[in-house]
Amino acid sequence: MSTDYHLHTPLCHHAVGHPREYVTQAQTRGLQEIGFADHNPMPVQYDNWRMSKDDLPRYVELIGEARETGFPVRLGLECDYIPGYESWIEQLSKLYPWDYLIGSVHYLGPGWDVDNPELVYKFEQVPVDEIWDLYWANYLRCIRSGLFDFVAHPDLPKKFGHRPKTDPRPAYENVVQALIDHDVAFELNTAGWRKAVGEQYPAFDFLKLAAAASAPVLVNSDAHAPEEVGTGFVQAYQLLREAGYRERVQFQGRRRFPVPL
Ligand SMILES: [Zn+2]
Ligand SMILES: [Zn+2]
């Protein structure tokens, strides 16, 4: 029995399937509860891979339609942490009765989303460790902002296989410490197994440090299609246990509670 709290809808323009179809897949996979967290709107047109402000009511309505199945469905939002937009996220947080807000770092700077396949050439132009430093600096700010219940895909820049040249563990330690200091959870995101890197986010070394510090964790698929709901969960839960975890967390009404693994 598990939850999958990082699911998308077609409103972000790069996911498919009605949320009801995600429910059907969750039932097939034996999940106990799911939650949607589509890419948050921005106050201005920012890129082409998020829902627009005008679609937000429709988003909440779609989740309502999924709830009509009787299956437990949580209402969340995956928010890009972009310095300068903190008050916008605060505004969004008040608009609907969210069960959780996810903080994500995709942007290393304006117009530079590190996981965008069209911008992968940046890895040829900027030293890889500089990219990782930029990413971790933003990730720490994201955690420390206090805006989010959990943070997504902790080591996302490895998506296309670009690993740091230097030992990443000091960065992992900083992130884990920030999670503890600010009482924020993080996800083990199974989408990495479906990408070029072929590894879950975050790396196992991160999981071990996080488990030793008792940083709250949950497992999510980041599904952009119904068939991706709950993918890799058996392996993911096994990794958590190997790392030392005995407990995961769930959310409701932005309250977090622990559940045995
Ligand atoms: Zn997406
Ligand atoms: Zn996502």
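At what angle do helix H7 and helix H8 pack, and how far apart are their axes? Figure 5 has the answer, and the other close-ups come before it. Keep in mind that everything here comes from a predicted model.

**Figure 1. The sheet and its strand order.** Here's the framework for the views that follow: an open sheet of 7 strands, paired in parallel fashion. Read across the sheet, the order goes E1-E2-E3-E4-E7-E8-E9. Strand E1 (3-7) and strand E9 (217-220) are the edge strands, each with pairing on one side only. Helix H1, covering residues 19-29, packs on this sheet and touches E1, strand E2 (33-39) and strand E3 (73-80). Compare the direction of H1 with that of E2 and you get about 145 degrees.

**Figure 2. A close look at strand E4.** Strand E4 takes in residues 100-104, and 5 of its 5 residues are buried. Which way do its residues point? Tyr100, Ile102 and Ser104 go one way, while Leu101 and Gly103 go the other. That fits a handy rule: in a regular strand, side chains alternate between the two faces of the sheet. Now look at the strands that pair with E4. E3 and E4 run parallel and are joined by 5 bridges, with leucine 77 as the bridge partner of leucine 101 in E4. To get from E3 to E4, the chain passes through helix H3 (residues 86-95), making a right-handed β-α-β crossover. E4 also pairs with E7, again in the parallel sense, over 2 bridges. In that pairing, isoleucine 102 has phenylalanine 150 in E7 as its bridge partner.

**Figure 3. Leucine 179 and the strands E7 and E8.** Strand E7 is just residues 150-151, and it pairs with strand E8 (residues 185-189) in the parallel sense over 2 bridges. Spot valine 151, which sits opposite phenylalanine 186 in E8. Next, find leucine 179 in helix H6, which spans residues 169-182. Is leucine 179 buried or exposed? It counts as buried, because it has 23 C-beta neighbours inside 10 Å and the cut-off for being buried is 20 or more. If you skip neighbours within four places in sequence, leucine 179 is in contact with Ile143, Val184, Phe186 and Ala215. Phenylalanine 150 is worth finding too: it is 29 residues from leucine 179 in sequence, with 8.9 Å between their C-alpha atoms.

**Figure 4. Helix H1 meets helix H2.** We're back at H1, this time with helix H2 (residues 56-67). Their axes are 8 Å apart, and the two helices pack at an angle of about 40 degrees. Why are they called oblique? An angle under 35 degrees would count as roughly parallel, and 65 to 115 as roughly perpendicular, so H1 and H2 are oblique to each other. The crossing of H1 past H2 is right-handed. On the H1 side, look for Pro19, Arg20, Tyr22 and Val23, which meet Leu62, Ile63, Glu65 and Ala66 in H2.

**Figure 5. Helix H7 meets helix H8.** Here's the answer to the opening question: helix H7 (residues 204-212) and helix H8 (residues 233-243) pack at about 55 degrees, with their axes 8 Å apart. That angle makes H7 oblique to H8. Their crossing is right-handed. To find where they meet, pick out Phe204, Leu207, Lys208 and Ala211 in H7, then look for Leu239, Leu240 and Ala243 in H8.

Methods
Residues numbered from 1 in each chain as written. Chains lettered and ligands numbered in written order. Predicted model: local features only at pLDDT ≥ 70, side-chain atom pairs only at ≥ 80, totals over all residues. Pairing = 2+ DSSP bridges. Helix = DSSP H or I, 4+ residues; strand = E, 2+ residues; numbered from the N terminus. Contact = placed C-beta atoms within 7 Å. Axes fitted to C-alpha atoms, helices over the stretch in contact; angles between N-to-C directions. Buried ≥ 20, exposed ≤ 12 C-beta atoms within 10 Å, placed from the backbone. Right-handed = clockwise from strand over helix to strand, strands pointing away. Parallel < 35°, antiparallel > 145°, perpendicular 65-115°, else oblique. Left-handed = near helix turned anticlockwise from the far one by under 90°.
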